[in-house]
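Trainee: I would like to go through this model with you. Please show it first.

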Amino acid sequence: MKPLLPVDEAIARLLDAAVTVTDTETLPLAECDGRVLSVDLIASLTQPPFDASAMDGYALRSADAPAIGSVLTVIGQAAAGHAFAGMVGEGQAVRIFTGAPVPQGADTILIQEDAEVLEGGKIRTAFDVTAGRHIRPRGQDFTEGEAALKVGRELGFTDLTLAAAMNHAALTVYRRPRIAILATGDELLPPGSAPQPAQIIASNTFGVAALARQAGAEVLDLGIIADDDRLIRAAIGKAVAAKVDVLVTLGGASVGDHDLVQAALKAEGMQLDFWRIAMRPGKPLMVGSIGAMQVLGLPGNPVASLVCGLLFLEPLLRSIARRAPLQRTTTARTATPLKANDHRQDYLRARFSTDENGLLVAEAHAKQDSSMMKILAHSDGLIVRPPNAPAAAAGAECPVIRLRS
């Protein structure tokens, strides 16, 4: 039997085979959060479109206030959306509010806190006046024709605000990756069912689907398929017909008498890349392809399925979607001693806290049975134990993976 494949090599091979999306779609701006621009986004106007006041105060000519105590006559008012139509002349000022166009002739703003209001519509300066102060020059933010957002940009809330300011109501982005999820097993029933003896509730699909959606994918749920070669092959055919980017199978990928998935996939044309990884939990993971569709076979065990989903499926989908990988890995101090490890890479479910110095501390759960989903749900992350790692005392530094980004 071939030796188990190291985790890092398995991830690298999976990502090397990933094919990024090239299809695009144009969507309303409000639907573009988390999407990736497929073209440079060009500003259709200049922002600000005029020299604008950055403060409430008075627009005036700096030459008319050479020293503190200069007196000027207020001749009008300018507000956002309401420009002053005239020109500021010698010894004059215009009351102005934030965002309003700076009147012609004025070259500075005296903020209202630095102006003493006098009788007869006059003001006296109470602070030094400098040309250009508190004025946002035309085009300070961006100018018409500027590519203010570049192709490949993963759009967040700041980008969408900028796109709106650039007067774009819709954006052209890459389509989302599409995945199909196929769960198999005679023993499985959907949540809400009344299981009979020897039956259990299927749970993996929901966590894997949520992880996929968070990575930016659209999910096709192929349902729970019984351990029947004909039915499994028909479900695989549905995934191929739907032209999904990735088919994710849950369970049945080993080679026991009741593990039919791998054989069914091969019968439908799958080229097996690798199978069986040197990790715990998650050893039965399988990777292959059917034409342009990648196949990722996750273990049927819920904990192993989700750990493998985090390590393999999430980066795969983000790569296909042209999104940057999430940085989940960091280091922590162990709260308790750790045993020496064997030839597999272990992922210990753990709670995180911070010590008196603000450093991250990871405490592994006393039980690490991969059948215990509740432990994973109540974990903040995973302590990574490399193959053949020696025993570690409490307080030792170790790599950890955050379960929540």
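Trainee: Which residues of helix 3 are buried?

Mentor: The model is predicted, so local features need pLDDT of at least 70 and side-chain atom pairs count only at pLDDT 80 or more, while totals for chains, interfaces and linings use all residues. Residues are numbered from 1 along each chain as its sequence is written, and side-chain values use heavy atoms, without hydrogens and water. Helix 3 (a DSSP run of H or I, at least four residues, numbered from the N terminus) spans residues 204-214. Its buried residues (under 20% relative accessible area, 1.4 Å probe, protein chains only) are N204, T205, V208, A209, L211 and A212.

Trainee: Why do they count as being on the same side of helix 3?

Mentor: The arc is taken from the directions from the helix axis to the C-beta atoms. The buried residues lie on the same side of helix 3 because they cover an arc of only 160 degrees around the axis.

Trainee: Which exposed residues does the face turned away from the buried side carry?

Mentor: Exposed means over 50% relative accessible area. On that face of helix 3 the exposed residues are R213 and Q214.

Trainee: How far is the charged end of R276 from the ring centre of W275?

Mentor: A charge sits over a ring if NZ of Lys or CZ of Arg is within 6 Å of the ring centre and within 35 degrees of the ring normal. R322 lies over the face of Y174 at 4.2 Å from the ring centre. For R276 over W275, the distance is 5.6 Å.

Conventions. Helix = DSSP H or I, 4+ residues; strand = E, 2+ residues; numbered from the N terminus.
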